[in-house]
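Got the viewer open? Here's a short walk through the model, with something to select at each stop.

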Amino acid sequence: DFLEYLRSFHFTGDIYAIPEGTVIFPREPMVKVVAPIMEAQLVETAILNIMNHQSLIATKAARVCYAAKGDGIMEFGLRRAQGPDAGLYGARAAVIAGCVGTSCVLTGKLFDVPVMGTHAHSWIMSFPDEYTAFKAYADLYPEGCTLLVDTYDTLKSGVPNAIRVFQEMKDAGISPRKLGIRLDSGDLAYLSSEVRKILDAHGLTGCKIFATNSLDEYLITDLERQGAKIDSYGVGDAIATSKAAPCFGNVYKLVQINGEPVLKKSEDRIKLINPGFQITYRIVKFDEEFGNIYKADVTCLRGDTLSQDIEHGKTFTIKDEYDRYKFKTFDEGTYEWRTLQVPVIGNGKRCAPKRSLMEKKAFYNDTLAHFSPSERRLINPHYYKVDISDDLYNLKNEILTKLVNEIEKFRID
């Protein structure tokens, strides 16, 4: 009977979700599923797999991209990703979160995003010498020629041979849209500075310097601090595997059944999920210097007192869930609001408008720009307020108190 049910299974419920490209914070509901419990349980693993993996990669990519100046970050992680699907969809998430392109050709084809890259060391080693390899590559890609210069010796061989090829292109009347060299080993700060001097001395001031080699947001930040002459970076395993934090801890819990709010009690506070059918509001205030700035997120029970006050523009106060002496008041007429979760599936069918991947990327960039600079920094960022309504707080504690009382009274005869 169960297998027969699965044969004709079709999801019939509703799903609310935070639009892709939105910056969110811990303890905020990303996806809300309203459906018969069998259907809600059957889609659990798929939803968690999709949300956790791509949110993980997007978070890491966002950090790496924030660290880089210049022409940005190229996602180069397919070879290090945990399987083909992880490489394909990880690259997709990385582009939304700021990467200017990817080396994964299939991601580019499926999602219409820029594909970028250079040749491999094996390309050079398959030719009689480095110059011949560079010349052959330039003949194939005259419009955008980036040469990998560290196969044998960066300063004594790679860069001189690249300059020779670039000069021959110029003499032949070829005007590439982009010329570049790629550094993939050694002291990148030192080498990039030396290479920049050599290129400029030969009139190649427009030639870009591109760096790879196990980079992450911390190494890139340090290279920028040292004044490295690097125009753009290619980042592989740090993004594709989210190397420093390889798991995204999103969970999927039952919060209401037959109209009755429920919660899972846990010894760990971080696993204590808020009960009931919720909605999250993002509060926006105007700043003379930065324009519209996001000031706080607050999750309410749908239609509760605070939810109504916000939607009617009234004065309201939010309190820190874990320190009730910390609070913030927003006066009537001083703020705007927007809801984070929106309907994406209704009665089993898509109801959200389709957006291209590049539209989602633009949405992310716009969203990030509305947070203050102190909240965007990589190290010790300023705390962004994420609270819950008093009604949700009280409901949560009422259920916990009820559960504790039931447990204390429990006896085995």
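Before you start, one bit of vocabulary: a residue is called buried if its relative accessible area is under 20%, and exposed if that area is over 50%. Also keep in mind that you're looking at a predicted model.

**Stop one: the sheet.** Select the six strands that make up an open sheet, running in the order β4-β3-β8-β7-β6-β5 with parallel pairing. At the edges you'll find β4 (101-102) and β5 (144-148), each of which has a partner on one side only. Now pick out β6 (residues 178-183) and β7 (residues 208-211): four bridges join them, in the parallel sense. To see a pair of residues facing each other, click Leu183, which sits opposite Ala211 in β7.

**Stop two: a helix on the sheet.** Add α8 (residues 154-171), which packs on the sheet and touches β5 and β6. Compare the directions of α8 and β6: they make an angle of about 170 degrees.

**Stop three: helix α9.** Next, select residues 188-201, the 14 residues of α9. From first C-alpha to last, α9 reaches 20 Å, close to the 20 Å expected at 1.5 Å a residue. Which residues of α9 are buried? Colour Leu188, Ala189, Leu191, Ser192, Val195, Arg196 and Leu199 to see them. These residues lie on the same side of α9, because they cover an arc of only 160 degrees around the axis. Turn to the other side of α9 and you'll meet Lys197 and Ala201, which are exposed. And what covers the buried residues of α9? Show α8, β6, β7 and α10 (217-225), which are among the elements doing that.

While you're here, check what comes before and after the helix. Asp187 caps the N-terminal end of α9, with a side-chain oxygen 3.3 Å from the backbone nitrogen of Ala189. Following α9 comes Gly203, with a positive phi near 80 degrees.

**Stop four: two loop residues.** Jump to Ser242, in the loop between α11 (237-240) and β9 (256-257). Ser242 isn't a glycine, yet its phi is positive, about 45 degrees. Is Ser242 buried or exposed? Its relative accessibility is 4%, so Ser242 counts as buried.

Then move on to Asn258, in the loop between β9 and β10 (260-261). Asn258 also has a positive phi without being a glycine, this one about 55 degrees. Show the surface around Asn258: with a relative accessible area of 80%, Asn258 is exposed.

Technical notes
Residues numbered from 1 in each chain as written. Predicted model: local features only at pLDDT ≥ 70, side-chain atom pairs only at ≥ 80, totals over all residues. Heavy atoms only, no water. Pairing = 2+ DSSP bridges. Contact = heavy atoms within 4.5 Å. Axes fitted to C-alpha atoms, helices over the stretch in contact; angles between N-to-C directions. Expected span 1.5 Å × (residues − 1). Buried < 20%, exposed > 50% of the residue type's maximum accessible area, 1.4 Å probe, protein only. Arc of directions from axis to C-beta. Polar contact = N/O pair within 3.5 Å; in protein donor to acceptor, adjacent residues only side chain to side chain.
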